Amino acid sequence: MKIDHGAVPERGATGAPPEDDAFFMDLALAEAAAAAAAGEVPVGAVIVLAGRVIARAGNRPISLKDPTAHAEILAIREAARITDNYRLPGTILYTTLEPCPMCAGAMIHARVCRLVFGTRDPKGGAVVSAARMFDDYPGNHVVEYLGGVREESCAEILSSFFMQKRL
């Protein structure tokens, strides 16, 4: 699905320059490719603090036999270990696919500052597609977000993976 970048939702004024967003999304795409190579749904996530990658992960629910082992959750867990804090203020989370409700909720509770995602998830996305958790959450933490970064590449890795599964 092609998204008109003029219509891609964005909330908040702070953020990385577009070239930084593309660079970090490319790292998330590499994590997604590694997940695909391991037979997992190809979703990758990277967490950045002060311009440095502090955590990265690909999906691993199948290999870990853990339904919560989404790329975003694994990256949040690693970032919490690295920072020695269950809160992640000032961080930016890059993920190749619009987060599900579980991952969006974890970002809120971890106090992630900003989310950048690649492609929408029409059936399960909890940011702009099936639900709008960041806009509707009544709590005091606001997660800024931007969608559509490296959208075509993020959509392609998913569609190729599922096409191979159907063969």
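Q: Buried means under 20% relative accessible area, exposed over 50%, and partly exposed in between (1.4 Å probe, protein chains only). Which class does Asp 26 fall into?
A: This is a predicted model, where local features need pLDDT of at least 70, side-chain atom pairs count only at pLDDT 80 or more, and totals for chains, interfaces and linings use all residues. Residues are numbered from 1 along each chain as its sequence is written, and side-chain values use heavy atoms, leaving out hydrogens and water. Asp 26 has a relative accessible area of 34%, so its class is partly exposed.

Q: What percentage of the protein chain counts as buried?
A: The protein chain has 167 residues. The share of them that counts as buried is 47%.

Q: In what order do the elements of the protein chain run from the N terminus?
A: Helices (H or I, at least four residues) and strands (E, at least two) are DSSP runs, numbered from the N terminus. The chain holds six helices and six strands. Their order is β-α-β-β-α-α-β-α-β-α-β-α.

Q: What share of the contacts with a separation of 6 or more comes from residues 24 or more positions apart?
A: Contact means heavy atoms within 4.5 Å. Take the contacts in the protein chain with a separation of 6 or more. Residues 24 or more positions apart account for 62%.

Q: Which residue of E3 stands opposite Val 46?
A: Two strands pair if DSSP finds at least two bridges between them. E2 and E3 pair in the antiparallel sense, over six bridges. Opposite Val 46, E3 places Arg 56.

Q: Which residue in the hairpin of E2 and E3 takes a positive phi?
A: Two residues lie between the strands of this hairpin. One has a positive phi near 55°, and that residue is Ala 50.

Q: Parallel or antiparallel: in which sense do E5 and E6 pair?
A: Strand E5 covers residues 114-119, and E6 covers residues 144-147. Val 116 stands opposite Leu 146 in E6. The two strands join over four bridges, and the sense is parallel.

Q: Are the residues of E6 buried or exposed?
A: Glu 144 and Leu 146 point one way from the strand. Tyr 145 and Gly 147 point the other way. On both sides, the residues of E6 are buried.

Q: What span should helix H3 have, given its 13 residues?
A: The expected span of a helix is 1.5 Å times one less than its number of residues. H3 runs over residues 71-83. Its end C-alpha atoms agree with the expected span, because they are 18 Å apart and the expected value is also 18 Å.

Q: Which helices do the buried residues of H3 pack against?
A: The buried residues of H3 are Ala 71, Glu 72, Ile 73, Leu 74, Ala 75, Ile 76, Ala 79 and Ala 80. They pack against strands E2, E3 and E4. The helices they pack against are H2 and H4.

Q: Which residue just after H3 takes a positive phi?
A: The phi there is about 55°. The residue is Asp 84.

Q: Which residues does Arg 77 touch, not counting those up to four places away in sequence?
A: Arg 77 is found in helix H3 and is partly exposed at 35% relative accessibility. Arg 56 is 21 residues away in sequence and 9.9 Å away in space, C-alpha to C-alpha. The residues that Arg 77 touches are Asp 66 and Thr 68.

Q: How many salt bridges are found in the whole structure?
A: Side chains of opposite charge can pair when their charged atoms come close. A salt bridge is a side-chain nitrogen of Lys or Arg within 4 Å of a carboxyl oxygen of Asp or Glu. Among those found is the pair of Arg 132 and Asp 135, with closest N and O atoms 3.1 Å apart. The total is six.

Q: How many residues apart in sequence are the parts tied together by Asp 26 and Arg 150?
A: The side chains of Asp 26 and Arg 150 meet in a salt bridge at 2.7 Å, N to O. Asp 26 lies in helix H1, and Arg 150 lies in the loop between E6 and helix H6, so the pair ties together parts that are distant in sequence by 124 residues.

Q: Which residue forms a salt bridge with Arg 56?
A: The closest N and O atoms of this pair are 3.7 Å apart. Arg 56 lies in strand E3 and its partner in helix H1, so the pair ties together parts that are 25 residues apart in sequence. Arg 56 counts as partly exposed at 40% relative accessibility. The partner counts as buried at 16% relative accessibility, and it is Glu 31.
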